[in-house]
Amino acid sequence: MATHGDDSHNARRKFITRGAALVAAGAAGAALPTLPVLARNLSDEDALEVAAAAAAAGTCPSTPYYRRPNLQGAMGGAALADLRTAITAMMALPPEDPRNWYRQAMIHVLDCPHGNVFFFSWHRAYLYYFERIVRKFSNNPKFALPYWDWTVTPEMPAAFFRGDVLDTQAPGYIHDFPTFDRTFRGPMQAYWGRLTALQKQQLQLRGLADFDVFWAAMQQYFTRGTTRLLSANNRQLTGATLQAVSYPTMVNAMSSSDFTVFGGSMVPNHSDMTGVPGMVEAQPHNLVHDAIGGYMGDFFAAVDPVFWLHHANVDRLWDVWWLELGGAMTPMFSSYAWYNEQFSFFCNEDGIPAPMVNAGSVVSSSMNYDYQPSAPLTTGPSRPSNATWPATFPMQLQSTALAINGSVTSVVDPGADACNAFDQDYQTAIVIDMDRPMDQSAWRFNFEIQIEGSSFSAKPCGSTAFFGTMGMADPNMSQRCQLKLGIASGMRQCLDEAGGGAHRFAVTVRAEPVGSSLPTQILNVYGVTLISL
Ligand SMILES: [Cu+2]
């Protein structure tokens, strides 16, 4: 085939321009155009065509529009009732059917990106097809996935603890690996035999080189325990998790208009999980997963129905950031690798494979849905491009070995301009560069800030954690990694107590065990950097 580099380039530029208009229209509440669903494997040129068509398509007014409801609102109960009906039906499907409840959850194990720039768009596509399947099996063509806004309601909804199918303790859930193995090994082995070359390549990149490696991971999820840590009488998010979902943390997470800060760093492909997660992912997303525990604590998380409401909220936050708070997606559209990345493991409501290119799962309005508004969020002031203070402040490490229940401290003097900016709520973050733990789900990192030599106590300024154990078999994963933490309030508190002027800050990172295992590994810490967002 002839290449038309110029044409593609122009098509993409057109899409960017129109996409921006489309987004502006969406934000203004105008009627929104629709996008044909990408239900086949698209070439690069096709993708550009479809995206351009989508942007031009104010012309398909007949497709219904879905508004995903707030679980706490008037529509929440009815949506949960539909979800119950659909889960019951999906659990009853044969294990060979890709719409079976467990089969849907295994898509996450096989393909979900975490810690990189594909986190939001991949999960958007996953929710999109799941929602279509629920529409079919709830017999409600108007079903839209409800979301759980944990910032407003930091406790797991009671409906998930009532012994019906929303409760993972209900009959119908499998809690022992032998039963799971008996039911699903054969069908999954057959599925593996039918994988496309692209799927095999993507699994390889993920460290799932063959079926046995995958199945060992499945066994591990059951071995780690499937019972939630939260219970009917203990539904509250507490401590580090409560801070991670709090309003100040969200303001910080929303404040950078750069998608690779908000949404995760660029990596060559979505199967590569060695990037730096965005702050929504690393803080509320990961810590809520960990706090709920059971299936939610690892990559088989989508077996727990609350997964879908948790991720609907994460997905909603992407829209809030982009459509309401001035986040900039547009630079991403010129990244060929990001725009054309292929997701190849989804299926539609008829059980037919439904490959998706990343470009197809970026604009929620083009996927025909939006969100019922929840409590408004804002951004804090961000560093202006002509700021008199630097964007990054490398800190001096005072020690380099981090063990469970141990800590490392580093110090920096950001100078008077930066301190003044921080004192006026300019948003800041900390990046720690260290070894990736072997058992990454067993570690949590709590950060504290103190003005050096101050008589005031250190201020907790947030916590971050990894999610899941995926990739433990992948040699690429046992290497250095970076975690970024938005500082919710510690900096401001320190400065308030210390008065104006320049100060030397000390940041202490404490490693704390999550769950019952107590890792003995010592992590090397290579650097800590303070960032002005
Ligand atoms: Cu998740």
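**Exercise 1. Classify Asn405 by its surroundings.**

With 9 C-beta neighbours inside 10 Å, Asn405 counts as exposed. The cut-offs use C-beta atoms placed from the backbone: 20 or more others within 10 Å is buried, 12 or fewer is exposed, and in between is partly exposed. This is a predicted model, in which local features need pLDDT of at least 70, side-chain atom pairs count only at pLDDT 80 or more, and totals for chains, interfaces and linings use all residues. Residues are numbered from 1 along each chain as its sequence is written.

Next, place Asn405. The residue is found in the loop between strand E7 (401–402) and strand E8 (407–412). Helices (H or I, at least four residues) and strands (E, at least two) are DSSP runs, numbered from the N terminus.

Last, check the backbone. Asn405 is not a glycine, yet has a positive phi of about 70°. Most residues other than glycine have a negative phi.

**Exercise 2. Do the same for Asp425.**

Step 1: location. Asp425 lies in the loop between H16 and E9.

Step 2: phi. Asp425 is not a glycine either, and its phi is positive, about 70°.

Step 3: exposure. Asp425 has 16 C-beta neighbours inside 10 Å, so the residue counts as partly exposed.

**Exercise 3. Describe helix H17 and its neighbours.**

Step 1: list the buried residues. In H17 these are Gly490, Met491, Arg492, Cys494 and Leu495.

Step 2: find their partners. The buried residues of H17 pack against helix H16 (416–423), strand E9 (428–435), strand E10 (443–451) and strand E11 (459–465). Two residues are in contact if their C-beta atoms, placed from the backbone, lie within 7 Å.

Step 3: take Glu497. This residue sits in H17 (residues 490–498). Glu497 has 13 C-beta neighbours inside 10 Å, so it counts as partly exposed. Its C-alpha atom is 7.4 Å from that of Phe456, and the two residues are 41 apart along the chain.

Step 4: look past the end. Gly499 follows H17, with a positive phi near 85°.

**Exercise 4. Work out how H16 meets H17.**

Step 1: geometry. H16 and H17 pack at about 110°, with their axes 8 Å apart. Axes are lines fitted to C-alpha atoms, for helices over the stretch in contact, and angles run from 0 to 180 degrees between N-to-C directions.

Step 2: label. H16 is therefore roughly perpendicular to H17. Angles under 35 degrees count as roughly parallel, over 145 as roughly antiparallel, 65 to 115 as roughly perpendicular and the rest as oblique.

Step 3: residues. Cys419, Phe422 and Asp423 in H16 meet Met491, Arg492 and Leu495 in H17. By class, this contact of H16 with H17 has 4 nonpolar, no polar and 2 charged residues. Ala, Val, Leu, Ile, Met, Phe, Trp, Tyr, Cys and Pro count as nonpolar, Asp, Glu, Lys and Arg as charged, and the others, Gly among them, as polar.

**Exercise 5. Repeat the analysis for H5 and H13.**

Step 1: geometry. Helix H5 (residues 119–137) and helix H13 (residues 306–324) pack at about 125°, with their axes 10 Å apart.

Step 2: label. H5 and H13 are therefore oblique to each other.

Step 3: residues. Phe120, His123, Arg124, Leu127 and Phe130 in H5 meet Trp308, His311, Ala312, Val314, Asp315 and Trp318 in H13. The classes in the contact of H5 with H13 are 7 nonpolar, 2 polar and 2 charged residues.

**Exercise 6. Trace the strand pairing around E10, then E12.**

Step 1: burial of E10. Here 8 of the 9 residues of E10 are buried, so the strand is largely enclosed by the rest of the structure.

Step 2: partners of E10. E10 pairs antiparallel with strand E13 (residues 505–513) over 9 bridges. Ile451 stands opposite Phe505 in E13. E10 also pairs with E11 in the antiparallel sense, over 6 bridges. Phe445 stands opposite Thr464 in E11. Two strands pair if DSSP finds at least two bridges between them.

Step 3: E12. In strand E12 (residues 480–486), 5 of the 7 residues are buried, so E12 is largely enclosed by the rest of the structure. E9 and E12 run antiparallel and are joined by 7 bridges. Asp435 stands opposite Arg480 in E12.

**Exercise 7. Summarise the whole chain.**

Count the elements: the chain has 17 helices and 14 strands. Then take burial: 49% of the 533 residues are buried. Finish with contacts: among those between residues at least 6 apart in sequence, 80% join residues at least 24 apart.
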